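Visitor: Could you give me a close look at one helix in this model, and say how far the prediction can be trusted around it?

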Amino acid sequence: MSSGVYPRKSALERFKSYVRVEGRHWIWTGSLSSGYGAFWFEGKWVSAHVYSYATFVGAIPQGHQIRHKCDIRACVAPKCLTTGTAKDNAGDREERSRHPHLATMSKLSDKQVAELRRKYGARRKFDRPSLKEIGLEYGISAPSVCWLLKGHTYQKGVMPT
Ligand SMILES: [Zn+2]
């Protein structure tokens with residue numbers, strides 16, 4: 001028998017522990033971002049409903065976003081989810097931003113974003129820590145750092161993964 005090493009809970013087990021089944025809906029009881037479930041997965045925040053779709057239904061076609069068939073943002077039931085292209089949502093920016101594709105959730109305040117830009121925005125690549133290091137400092141992914149340094153905002157909701 002191997003020594004007392006307990007296996008870490010798998011992502012799926014963690015996911016399930018946050019779900020409360022209510023009829024056909026799976027209500028997310030973990031963290032929420034704009035009403036949508038947020039799930040910490042492989043070092044970043046992803047949309048819980050997107051994780052659910054990818055896990056229980058299948059791969060998300062490129063360029064597609066996960067949308068709710070029911071109107072419950074916190075619902076992560078695979079049956080309540082469907083994919084659509086950004087074009088399906090064309091003309092509805094708000095709707096699009098509410099359905100980020102594996103979006104990194106908003107974790108920094110405007111003040112922190114401003115600070116990050118002030119500290120690293122003007123520096124040349126060789127003269128500052130790597131994106132990864134900056135990301136570690138702020139608890140966000142390297143692509144998110146890149147995204148913010150380029151002047152994008154969290155508010156748009158669509159973040160790189
Ligand atoms: Zn639902």
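Guide: Here is a walk around the helix, starting with confidence and ending with a second helix for company.

This is a predicted model, so local features are described where pLDDT is at least 70 and side-chain atom pairs count only at pLDDT 80 or more, while totals for chains, interfaces and linings use all residues. Residues are numbered from 1 along each chain as its sequence is written.

The protein chain has an average pLDDT (the predictor's confidence in each residue, from 0 to 100) of 78, and 76% of the residues score at least 70. Confidence is highest in strand β2 (residues 25-28), with a mean of 97, and lowest in helix α3 (residues 93-98), with a mean of 44. Helices (DSSP runs of H or I, at least four residues) and strands (runs of E, at least two) are numbered from the N terminus. Over residues 90-105 pLDDT stays under 50, and the model has 35 contacts beyond four places in sequence for them. Two residues are in contact if their C-beta atoms, placed from the backbone, lie within 7 Å. Residues 155-161 also stay under 50, with 20 such contacts.

Now to the helix you asked for: α5, residues 131-138, where Leu131, Ile134 and Gly135 are buried. These three sit on the same side of α5, because they cover an arc of only 105 degrees around the axis; the arc is that of the directions from the helix axis to the C-beta atoms. An α-helix has 3.6 residues a turn, so residues three or four places apart point the same way. Buried here means 20 or more other C-beta atoms within 10 Å of a residue's own, exposed means 12 or fewer, and partly exposed falls in between, with C-beta atoms placed from the backbone.

What do the buried residues of α5 pack against? Their partners are α4 (110-121) and α6 (142-149). On the face turned away from that buried side, α5 carries the exposed residues Lys132 and Glu133. Just after the helix, Gly139 takes a positive phi of about 75 degrees.

For company, look at Ala48 in helix α2 (residues 48-57). Ala48 counts as buried because it has 27 C-beta neighbours inside 10 Å. Beyond four places in sequence, its contacts include Trp28, Tyr36, Phe39 and Val76. Val76 is 28 residues away from Ala48 along the chain, yet their C-alpha atoms are separated by 6.4 Å.
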